[in-house]
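Thank you all for coming. Today I would like to walk through one structure, beginning with the ligand and its surroundings and then turning to the pockets.

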Amino acid sequence: MDDVNPATAEVFAQIPLSNQDDLKAAINSANKAFPMWSKMSVEKRANYLMKISSLIKENLDQLAQAESQDTGKPLQLARVVDIPRASANMEFFAHAITQFSSESHSGKNSINYTLRRPVGLVACISPWNLPLYLFTWKIAPALAAGNCVIAKPSEITPYTAYLFSRLCIEAGLPKGVLNILHGQGPEIGNTIVESENIKAVSFTGGTTTGRRIAEISAPLFRKVSLELGGKNPALVFADCDLDKAVEGLVRASFTNQGEICLCASRIYIEKSIYEQFKGKFVDKVKALKVGAPDEQSSNMGALVSAQHLDKVRRYIAIAKEEGGRLLCGEEPIELEEKYKHGYFLRPHVFENLPNTCTTNQEEIFGPLVSLNVFQGEEEALLLANDSEYGLASSIWTKDLSKANRIADQIETGIVWINCWMNRDLRTPFGGMKNSGLGREGGLEALRFFTEPKNVCIEY
Ligand code: NAD
């Protein structure tokens, strides 16, 4: 299958389309490796993860270049966020597994303790927006906990997963412990999920795919962790630090071309500062440079594919039909010849859209945000919660009592107060409502990838 560089629209690699036979071979080798890997001491398993983490750091330049070429994102972003985080994921779970402990409950004349054993053979399926970052975010805890893994990266951005497989081989990771299959989601992805040999599925991607995986998994009584779409609200109160809120929300809206599940897409501003916020926000958005991913000065690169660019353009047309007033986005983009056919799009900002409209309800996953007005805390909360999604939100105010009241009632799995995407890998990560099921991160991930067993002793 062709792998396309979205900044040039040219094919730069080809990937295998793994099939049923590849899956059988992967299951066979994983089953052979499981007794050895699951019984290995945690220190030894952690050492393999640390070695892989170091190799990712040593190969930062090549991996960042590949990630930028595959996704269209700025090279600098891949260098400072994507690849360092992939290395940090491996390192974090190498440490975490050595600190992982289980519970004990003492009662009258008896004591219970909980054993936690690896689940067995697990699947990790990841999306295209943060390819190696999310791929390793799943694989690291699964391996650390002693499972053997069948992993599938997105067919749209498979290249760093392939480079990662080479680093795992270089690190001496025993054969069969990690098996990477490539290809289309509805084909090999679906085949993996349908396999009864897979005891748990950790999936990050769209809500529709997540629902399908849940349907297949339910009759198998299999564990699933689903990290799905979002339509994330940001609430800007009149008493906020305005410059900080503007700067934070420009980042929150358009980092990685707006292609992060945590990106803000509905910005609600208290009426008394609406015009002021709008002026400053739009000025900053207009100043963002959309351009060559390998240029240090580019703030945004290309969208991931022609298909995704079409999808975002369709939403721009819908926003206009719904009465949205476009505040910026249609200025031409200056690009050198090499990038003339790339999938570039300026950041779009709309206002004057009702909360119930498609633009404010459906996940667009691109550089498009809406500015909306609210009056008072109660209305802010109502508007924020009027969504089928519940992944992440941000609250901008100097009144911390108000911020904490809202944090308590807002229906999202992650709440940031006066910041965005400040991530501590120990915290539970995931969404409510249609944004997912279960939590990843820290000990939550290790609990997901282990099966608890209670042992009771009477004395
Ligand atoms: P997608 O659901 O199309 O694909 C995700 C992965 O699932 C890919 O590897 C794909 O090949 C595979 N897949 C597709 N159909 C499948 C099937 N029937 N069975 C098994 N696997 C299948 O999502 P995408 O377009 O790659 O990613 C964008 C979506 O991911 C957005 O909705 C975004 O919000 C979401 N996302 C969520 C998080 C989070 O942490 N909540 C993080 C990043 C992205």
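**The ligand and the pockets**

Let me begin with a single contact: an oxygen atom of the ligand lies 2.8 Å from a polar backbone atom of Ser126. Please keep in mind throughout that this is a predicted model. There are further contacts of this kind, with an oxygen atom of the ligand 2.9 Å from a polar backbone atom of Gly206, and an oxygen atom of the ligand 3.3 Å from a polar backbone atom of Gly185. As for how much of the ligand is covered, taken alone it exposes 850 Å², and the protein buries 89% of that.

Which residues come nearest to the ligand? Of the 28 residues around it, these are Ser126, which we have just met, together with Glu155, Thr209, Leu228 and Glu363. By character, the residues of this shell divide into 13 nonpolar, 11 polar and four charged.

Now to the space itself, since the space taken by the ligand is the largest pocket. Two elements, α7 (185-194) and β8 (200-204), give two or more residues to the shell around the ligand, and the largest share of that shell, five residues, comes from α7.

The largest pocket holds about 1000 Å³ of space, and 41 residues line it, with Trp128, Ile156, Gly205, Gly206 and Thr209 lying nearest its centre. The elements that contribute two or more residues to this lining are α7, β8, α8 (207-217) and α11 (306-321). Which element gives the most to the lining of the largest pocket? That is α8, with seven residues, whereas in the shell around the ligand the largest share came from α7. The lining of the largest pocket divides into 15 nonpolar, 17 polar and nine charged residues.

Let me turn, finally, to the second largest pocket, which has a volume of about 490 Å³. Its lining is made up of 24 residues, and those that lie nearest its centre are Leu77, Val81, Arg251, Thr255 and Asn256. Here α4 (75-99) and α9 (242-254) each supply at least two residues of the lining, and α4 gives the most, with five residues. The residues of this second lining divide into 12 nonpolar, six polar and six charged.

To return to the ligand before we open the discussion, I would ask you to look once more at Gly206, whose backbone offers a polar atom 2.9 Å from a ligand oxygen, and which is also among the residues nearest the centre of the largest pocket.

Note on methods: Residues numbered from 1 in each chain as written. Predicted model: local features only at pLDDT ≥ 70, side-chain atom pairs only at ≥ 80, totals over all residues. Heavy atoms only, no water. Near = heavy atom within 4 Å. Polar contact = N/O pair within 3.5 Å; in protein donor to acceptor, adjacent residues only side chain to side chain. Areas by Shrake-Rupley, 256 points an atom, 1.4 Å probe, with all protein chains shown as cover. 1 Å grid on protein atoms, 1.4 Å probe; cavity = no way out; pocket = protein on both sides within 12 Å on 5 of 7 lines; lining within 4 Å. Sits in = over half its atoms within 2 Å of the grid points. Helix = DSSP H or I, 4+ residues; strand = E, 2+ residues; numbered from the N terminus. Nonpolar A, V, L, I, M, F, W, Y, C, P; charged D, E, K, R; others polar. Points joined across faces, edges and corners; volume = space filled by probe spheres on them.
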